[in-house]
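Reader: I'd like to learn how to read charged and polar side chains in a model like this. Can we go through some cases together?

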Amino acid sequence: SPDAFEGKSNENETGTDNGGDCVVNNKVNNEMLVFKGGKCKKGKFVGRISVKSNFKLEFTLVIHGKTSDKWENILHIGHTNSERSPGIWLFPKQYKLHVRLGDTSDANKGYDPNMELETNKKYLIKLESIKGSVKLSINNKVKQFADDVVHTTRYLAPVYVADPWHDAANATVSDLEVTSW
């Protein structure tokens, strides 16, 4: 369960309820979560991280196909469905990313790239918020950018590789790394 994994300052932990493939390094001014990878599965909890005013999230994504006509979740950081720090889905009936990052003016602020992804192809997904600028890149090409953003910070938010509130995407997430400072 998500409550079985708690981050602690100045210690390294290896997750146990996720097969031991997650490492969380928490330090006083810098936090990091690393997940080696696996297929998205509804409610797959991989660790916790405090999302501070600056963060970087990076992972490799391979979409295998569609299993649902509904929203399919890939990754979600937040205690509830409405906490999106961020949340990343596939649109219903499409291979387009739906990227959301809650901020102080919009809990569901969108950073959707205007592109259709292909199945069985690797994509490097990066989302970062540094000094008030949010940038979404796919394969090192900037797809969305916004300035003057104050995103919502979170304390020890659960990280899911497919959240418990939506169908899981038929996809694999690998080399997930989240750093926050």
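Author: What follows is a short walk through salt bridges and polar contacts in this predicted model.

Reader: Start with the basics, then. How many salt bridges are there?

Author: The general idea is a distance test: a side-chain nitrogen of Lys or Arg has to lie within 4 Å of a carboxyl oxygen of Asp or Glu. By that test there are 5 salt bridges here. One of them joins Arg154 and Glu83, at 3.8 Å from N to O.

Reader: Where do Arg154 and Glu83 sit along the chain?

Author: Arg154 is in strand 12, while Glu83 belongs to the loop between strand 6 and strand 7. They are 71 residues apart, so this pair links distant parts of the chain.

Reader: And are Arg154 and Glu83 buried or exposed?

Author: Buried means under 20% relative accessible area. Arg154 has 15% and therefore counts as buried. Glu83, at 19%, is buried as well because it falls under that cut-off.

Reader: What does Arg100 pair with?

Author: Its partner is Asp112, and their closest N and O atoms are 2.8 Å apart. Arg100 lies in strand 8 and Asp112 in the loop between strand 8 and strand 9, so the bridge ties together parts 12 residues apart in sequence. Both Arg100 and Asp112 are buried.

Reader: How about Glu128 and Lys135: buried, exposed or in between?

Author: Those two form a salt bridge with the closest N and O atoms 3.5 Å apart. Glu128 is buried at 18% relative accessibility, whereas Lys135 is partly exposed at 28%.

Reader: Now a charge without a bridge. What surrounds Asp103?

Author: Asp103 is in the loop between strand 8 and strand 9. This residue is buried but has no salt bridge, because Lys109, the nearest side chain of opposite charge, is 5.4 Å away and the cut-off is 4 Å. Instead, look at the backbone: a polar atom of the Asp103 side chain lies 2.9 Å from the backbone nitrogen of Ser105, and the side chain also reaches the backbone nitrogen of Asp106 at 2.7 Å. Leaving out residues up to four places away in sequence, Asp103 touches Lys109, Tyr111, Val149, Val150, His151 and Thr152.

Reader: Last one: which backbone atom lies 3.0 Å from the side chain of Ser180?

Author: That's the backbone oxygen of Ser50. Ser180 itself lies in strand 14 and is buried, at 1% relative accessibility. Ser180 and Leu57 are 123 residues apart in sequence, yet their C-alpha atoms are 8.7 Å apart in space.

Terms used:
Residues numbered from 1 in each chain as written. Predicted model: local features only at pLDDT ≥ 70, side-chain atom pairs only at ≥ 80, totals over all residues. Heavy atoms only, no water. Helix = DSSP H or I, 4+ residues; strand = E, 2+ residues; numbered from the N terminus. Buried < 20%, exposed > 50% of the residue type's maximum accessible area, 1.4 Å probe, protein only. Polar contact = N/O pair within 3.5 Å; in protein donor to acceptor, adjacent residues only side chain to side chain. Lys, Arg positive; Asp, Glu negative; His and termini not counted. Contact = heavy atoms within 4.5 Å.
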